[in-house]
Structures are given as structure tokens and as C-alpha cells.
Amino acid sequence: MKDTRTPYFHEGIQELRKAGYQPIVRNAGGLGIISDQGVLNISLIFPQNEQEKISIDAAYEKMLTLTRLAFPTVSIEAFEVTHSYCPGTYDLSINGKKFAGIAQRRIKNGISVMMYVSVNGAQQTRGQAMKRFYQEALKEDFGTNGYPAVVPESMATLADLLETPLTIEDVKQQFQLALTQLYGESRSVDALCWKEAHVTSEQWTDQINRMEERNKLKELADDYSL
């Protein structure tokens, strides 16, 4: 992840911790995002083989199509919102305000298209936290070398943009209906339900421990004060 290569990464991480966030190095997407109780994460997973290759843009378009189908009464656009955190060509916005971002992870036999949706909550606070991270991690180089000069006002929650109260469950239901329309019944899986059915508590604890250790090692590697 590109953020781990900032010259003062450790100081940026400390700024996020002061804001109450637990940093995790994710395995997709180039730059950092904020995830909390007001953010919904959605993944579309497709098989990939020589006979059925899906291009990078085509995979992004599948998520864009799904989102537009979930919220058909508004105009959802895809373009880079430069001063958002984790800006990219497939930033999703309404009236120029970004509410979602999409990333991909590709392996030999499959593609995962992942999107975070800022459903509700304090989006300005999220933006300020990421701005402070980059200010601390880059110092005088803030906004350079491919890192965004985050302007929190460039982003908003879906609830604010639609001017209606929304819960995570409301938005999940909208996406589940859209998934059924596009791909048929029984194609959507709630991650927590899947985890409870297929992952033991011991396996989950082991995975979390390994993830925390990996992030700890990465943070130490970038701590130039050692």
C-alpha cells in the first residue's frame, strides 16, 4: 500500500490512533480510507480464466452498474475527486461529492471488486483524520508525490446527499435487491453470516493475530526513529 512509503509513516499512524482509529494495511487499493460503523464495505467476486477474462475497467463498471441500480432515483457519476482521500477514476459521487470508492484485487483465478460506501456518520471527521495523517506523514511535502491534499468538504455521506436518514441495513437491502436483479437469487452473502457459518473462533483469532503482526512489522520497518 502506497501510504506505507510516506517518509514519516509512523507519525501519520500515531495521528490516526489519536483520532481513535486502529490502522490496518489492506491488501487492495493504493491509498488509505476510513472504515467505521457508518461505512458499508461491499465486494463483488468473479472467477477469472483464459476463456472469461474481465478487464480492469469492466470490473469497475460492474460495481458502478450495481450501485446505480441500487439507487436509481439519483445521478451517480464516476470520476476522480482529486481532493478526496484515496482518489481514483472510479470515485462515485452525487453532485460532485464523493460518497464511495472502488478498488480491485486480482489473483490468478479470480477478481474481487471492493467498494466502501460512506452511508452515514461524521464524514467531515473522517476526512479531517486522513488529512492530518498525510500532513504528519508527509510534512512539507503534503499534497505532492501522488498523495492527495485532502479537502474534507469534497466528500459526503450517502444519507446527506440523498437528504434522507439511512442505516447500514437500509443500504444493504438496496444492494441486495440490485444484486438479485443483476445476478439472480442467492448470489449475495453477508460477510458476518458467512464468517459465523464457515470460520471457527480459533481460525478467526489466528487470522487477526497474523494480520496484527504483519501490520506491526510493517510499522516498525517504516519507523525511522528506531
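A residue counts as buried here when its relative accessible area is under 20%. By that yardstick, 39% of the 226 residues of this protein are buried. Welcome to the structure, which is a predicted model. The protein has seven helices and five strands, and along the sequence they follow the pattern α-β-α-β-β-β-β-α-α-α-α-α. Among contacts with a separation of 6 or more, 68% are between residues 24 or more positions apart.

**The sheet**

- The five strands form an open sheet in the order 1-5-4-3-2, with antiparallel pairing.
- Strand 1 (39–47) and strand 2 stand at the edges with a single partner strand each, so one side of each has no neighbour in the sheet.
- Strand 1 runs antiparallel to strand 5, and nine bridges join the two. Within this pairing, Ile42 has Met115 of strand 5 as its bridge partner.
- Strand 4 and strand 5 (residues 110–118) are also antiparallel, joined by eight bridges.
- A hairpin of two residues leads from strand 4 to strand 5, and Ile107 is bridged to Gly110 in strand 5.
- Strand 3 and strand 4 (residues 97–107) run antiparallel with three bridges between them. One bridge pair here is Ser93 with Lys98 of strand 4.
- Strand 3 and strand 4 form a hairpin too, with two residues between them; in its turn, Asn95 has a positive phi of about 55 degrees.
- As a rule for reading any such sheet, side chains in a regular strand alternate between its two faces.

**A helix across the sheet**

- Helix 5 (residues 168–183) lies across strand 1 and strand 5.
- The angle between helix 5 and strand 1 is about 20 degrees.

**Helix 1 and its partner**

- Which residues of helix 1 (residues 9–18) are buried? They are Phe9, Gly12, Ile13, Glu15 and Leu16.
- Seen down the axis of helix 1, these buried residues fall within an arc of 155 degrees, so they line one face of the helix.
- A general point helps here: an α-helix has 3.6 residues a turn, so residues three or four places apart point the same way.
- The axes of helix 1 and helix 3 come within 7 Å and cross at roughly 155 degrees. Since angles over 145 degrees count as roughly antiparallel, that is the description that fits helix 1 and helix 3.
- The contact is made from helix 1 by Phe9, Glu11, Gly12, Ile13, Glu15 and Leu16, and from helix 3 by Ala129, Met130, Arg132, Phe133, Glu136 and Ala137.
- Helix 1 passes helix 3 in a right-handed crossing.
- After helix 1 comes Gly20, with a positive phi near 95 degrees.

**The loop between strand 2 and strand 3**

- Val81 is found in the loop between strand 2 (77–78) and strand 3 (92–94).
- Is Val81 buried or exposed? Val81 is buried, because its relative accessible area is 6%, and the cut-off is under 20%.
- Beyond its neighbours within four places in sequence, Val81 is in contact with Pro87, Gly88, Asp91, Ser93, Gly96, Lys98 and Ser154.
- One of these contacts is Ser93; Val81 and Ser93 are twelve residues apart in sequence, with their C-alpha atoms 8.2 Å apart in space.
- Cys86 is in the loop between strand 2 and strand 3. Cys86 is buried, because its relative accessible area is 15%.
- Cys86 has a positive phi of about 50 degrees although it is not a glycine.

**Another positive phi**

- For background, most residues other than glycine have a negative phi.
- Lys139, a residue other than glycine, has a positive phi near 55 degrees.
- Lys139 sits in the loop between helix 3 (123–138) and helix 4 (158–162).
- With a relative accessible area of 27%, Lys139 is partly exposed.

**Far in sequence**

- Thr65 is in helix 2 (residues 56–70).
- Thr65 counts as partly exposed because its relative accessibility is 38%.
- Thr65 and Leu182 are 117 residues apart in sequence, yet 9.2 Å apart in space from C-alpha to C-alpha.

Methods. Residues numbered from 1 in each chain as written. Predicted model: local features only at pLDDT ≥ 70, side-chain atom pairs only at ≥ 80, totals over all residues. Heavy atoms only, no water. Helix = DSSP H or I, 4+ residues; strand = E, 2+ residues; numbered from the N terminus. Buried < 20%, exposed > 50% of the residue type's maximum accessible area, 1.4 Å probe, protein only. Contact = heavy atoms within 4.5 Å. Pairing = 2+ DSSP bridges. Axes fitted to C-alpha atoms, helices over the stretch in contact; angles between N-to-C directions. Arc of directions from axis to C-beta. Parallel < 35°, antiparallel > 145°, perpendicular 65-115°, else oblique. Left-handed = near helix turned anticlockwise from the far one by under 90°.
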